[in-house]
Amino acid sequence: MFEKVQQTRPEIEGEEENLVAARALLLMEIQGERRPARSRAARRPWFIAAGALGAAAAVTAGVLVVSGITAPTPAPTAEAVPTREPGPVLVPSPLPSPTATPMTGAEVLMGAANAAAGFTPPVLAPGQYLRRAWTQEFLGVYDAALGYGGAPGYNASRSTATSGWVLHRSGVDYAPADLKAQWYQESGALDAGDIFGDLAEARAQQEAAIQGFGQGQELSPSEAPRLPEGGAEDVLWFFETMPRDPGAMIAWIHDYLGPDVQGWADGKVGWLLIGLLSHNVGDPEMRASMYRALSLLPGSTVGAEHDGERTVTFDSHLAPSENAETSLKRYTLTIDMGTGIVTETTETSEVGEGLIPGGIPDSRMTFEMSVVDSLP
């Protein structure tokens with residue numbers, strides 16, 4: 001208490017000397033009380049007044065000192081908390097949220113199946129079309145030792161390529177309300193993308209490929225789109241022919257594709273299902289069955305959610321012959337988890353091999369769906 005008073009009392013000149021004198025007078029008075037009383041001589045009034053003033057100071061100091069030792073502990077009192085000096089606003093640290101268990105690829109695909117089954121496709125009025133705008137990038141490679149190149153994984157190899165190049169193009173498919181009616185398609189011209197390895201060689205091969213593929217195609221009528229993996233059959237044929245039980249669907253596709261000669265039968269099944277789903281047409285229950293079939297295939301992993309979408313990756317090992325070393329083949333599909341709509345697919349052969357960066361797939365397609373009132 002004495003220290004608190006020292007901190008709050010006003011500044012008085014000579015305060016330390018006054019306190020020392022007060023303490024001395026207090027001790028003298030205490031000692032005097034212990035001795036027998038004696039007669040006191042009369043003092044002048046001014047000395048008495050001065051003595052009274054000194055005694056008052058001594059008593060005050062005595063109360064401060066003695067009460068801090070002998071007085072009972074006072075009841076606690078509320079004290080004002082000093083205000084914080086101006087500065088940046090303090091933001092409380094958020095509490096750590098519980099770590100969610102990562103989802104497996106199979107779990108995400110089952111979630112996509114539920115989303116597809118519960119999604120109601122837009123009802124097309126007469127004259128309206130379901131528009132699927134797509135962009136495509138694909139890789140070409142060249143092997144100087146062999147003197148030829150092409151699409152990796154088919155007639156060329158990423159692992160032995162001396163150069164590589166990327167081409168881009170875009171296009172649109174128009175699907176009618178009745179999928180058996182007339183479809184329409186158009187595509188744009190090819191654009192040059194990145195080049196790798198021997199740059200002069202890559203640029204020459206890229207320009208030759210652009211000339212070889214020709215220009216874009218104007219809007220023209222067509223049947224339902226065909227799948228490269230399906231031969232002559234179009235997507236409607238698969239929708240109408242495949243069984244809807246997921247296990248039976250996988251067995252049916254195995255039989256349809258024929259004997260496995262490269263060690264990646266499940267990979268071929270997965271790529272065919274991904275191709276079918278990427279057209280984003282067909283009745284909801286059939287699409288849900290295809291997602292359920294994909295969930296049964298091995299080798300799937302899943303990435304983090306981004307804007308309501310998840311990317312599922314399928315890895316499988318294949319070999320061109322029984323005695324050849326296997327290489328990694330990778331497929332991905334990105335799914336809008338609210339609707340089951342596919343927004344992107346990729347295919348990559350010989351993952352991690354050769355001079356082409358691993359993030360450049362053999363092919364990539366992105367899709368955006370909308371409803372239009374008429375054809376362009």
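## Burial and overall make-up

Of the 376 residues in the chain, 35% are buried. The model is a predicted one. Its secondary structure consists of 9 helices and 11 strands. Among contacts in the chain with a separation of 6 or more, 63% are between residues 24 or more positions apart.

## Nonpolar cores

In soluble globular proteins, nonpolar side chains tend to be buried together. The largest nonpolar core here has 44 residues. The members that touch the most other members are Met242, Leu276, Met290, Tyr291, Leu294, Phe314 and Leu333. Both helices and strands supply this core: two or more residues come from each of helices H4 (105-118), H6 (235-241), H7 (246-257), H8 (265-277) and H9 (284-295), and from each of strands E1 (129-143), E8 (309-318) and E9 (327-336). Helix H8 gives the most, with 7 residues.

Tyr291 shows how one of these members is surrounded. Setting aside residues up to four places away in sequence, Tyr291 touches Leu109, Ala112, Ala113 and Ala116, then Leu277, Leu333 and Ile335, and finally Gly340, Ile341 and Val342. A second core, separate from the one above, has 9 residues, including Tyr142, Leu167, Leu190 and Ala202.

## Aromatic pairs

The structure contains 9 aromatic pairs. One of them joins Phe238 and Tyr256 in an edge-to-face arrangement, with 5.4 Å from centre to centre and 80° between the planes. Phe238 belongs to helix H6 and Tyr256 to helix H7, so the pair ties together parts that are 18 residues apart in sequence.

The two partners differ in exposure: Phe238 is buried, at 0% relative accessibility, whereas Tyr256 is partly exposed, with a relative accessible area of 25%. Both belong to one aromatic cluster together with Trp237 and Trp252.

## Cavities

How many cavities of 30 Å³ or more does a search of the whole structure find? There are 2. The largest cavity holds about 50 Å³ of space. Its lining is made by Leu130, Arg132, Asp173, Ala175, Trp183, His279, Val281 and Met369. Strands E1 and E3 (163-175) are the elements that give two or more residues to this lining.

By residue class, the lining of the largest cavity has 5 nonpolar, 1 polar and 2 charged members.

## Positive phi angles in two loops

Asp307 has a phi near 55°, which is positive although the residue is not glycine. Asp307 sits in the loop between strands E7 (300-302) and E8, and is exposed, with a relative accessible area of 70%.

Glu350 also has a positive phi in a residue other than glycine, near 50°. The loop that holds Glu350 runs between strand E10 (341-348) and strand E11 (363-372). Is Glu350 buried or exposed? Glu350 counts as buried, at 14% relative accessibility.

## Two buried polar residues

Ser222 lies in strand E6 (residues 217-222). At 15% relative accessibility, Ser222 is below the 20% limit and therefore counts as buried. Apart from neighbours within four places in sequence, Ser222 is in contact with Gln182, Trp183, Tyr184 and Gln185. One of these, Trp183, also lines the largest cavity.

Gln206 is in helix H5 (residues 199-213) and is buried too, at 6% relative accessibility. Residues up to four places away in sequence aside, Gln206 touches Trp165, Val166 and Leu167, and also Ala192, Gly193, Asp194 and Ile195. Leu167 is among the residues of the second nonpolar core.

## A proline in the loop after H9

Which residues does Pro298 contact, leaving aside its neighbours within four places in sequence? They are Asp266 and Phe314. Pro298 lies in the loop between helix H9 and strand E7. Phe314 is also one of the members of the largest nonpolar core that touch the most other members.

Pro298 and Gly267 are separated by 31 residues in sequence, and their C-alpha atoms are 8.9 Å apart in space.

Notes. Residues numbered from 1 in each chain as written. Heavy atoms only, no water. Core = buried A, V, L, I, M, F, W, Y, C linked by side-chain atoms within 4.5 Å. Buried < 20%, exposed > 50% of the residue type's maximum accessible area, 1.4 Å probe, protein only. Helix = DSSP H or I, 4+ residues; strand = E, 2+ residues; numbered from the N terminus. Contact = heavy atoms within 4.5 Å. Phe/Tyr/Trp six-rings, centres within 6.5 Å; stacked < 30°, edge-to-face > 60°. 1 Å grid on protein atoms, 1.4 Å probe; cavity = no way out; pocket = protein on both sides within 12 Å on 5 of 7 lines; lining within 4 Å. Points joined across faces, edges and corners; volume = space filled by probe spheres on them. Nonpolar A, V, L, I, M, F, W, Y, C, P; charged D, E, K, R; others polar.
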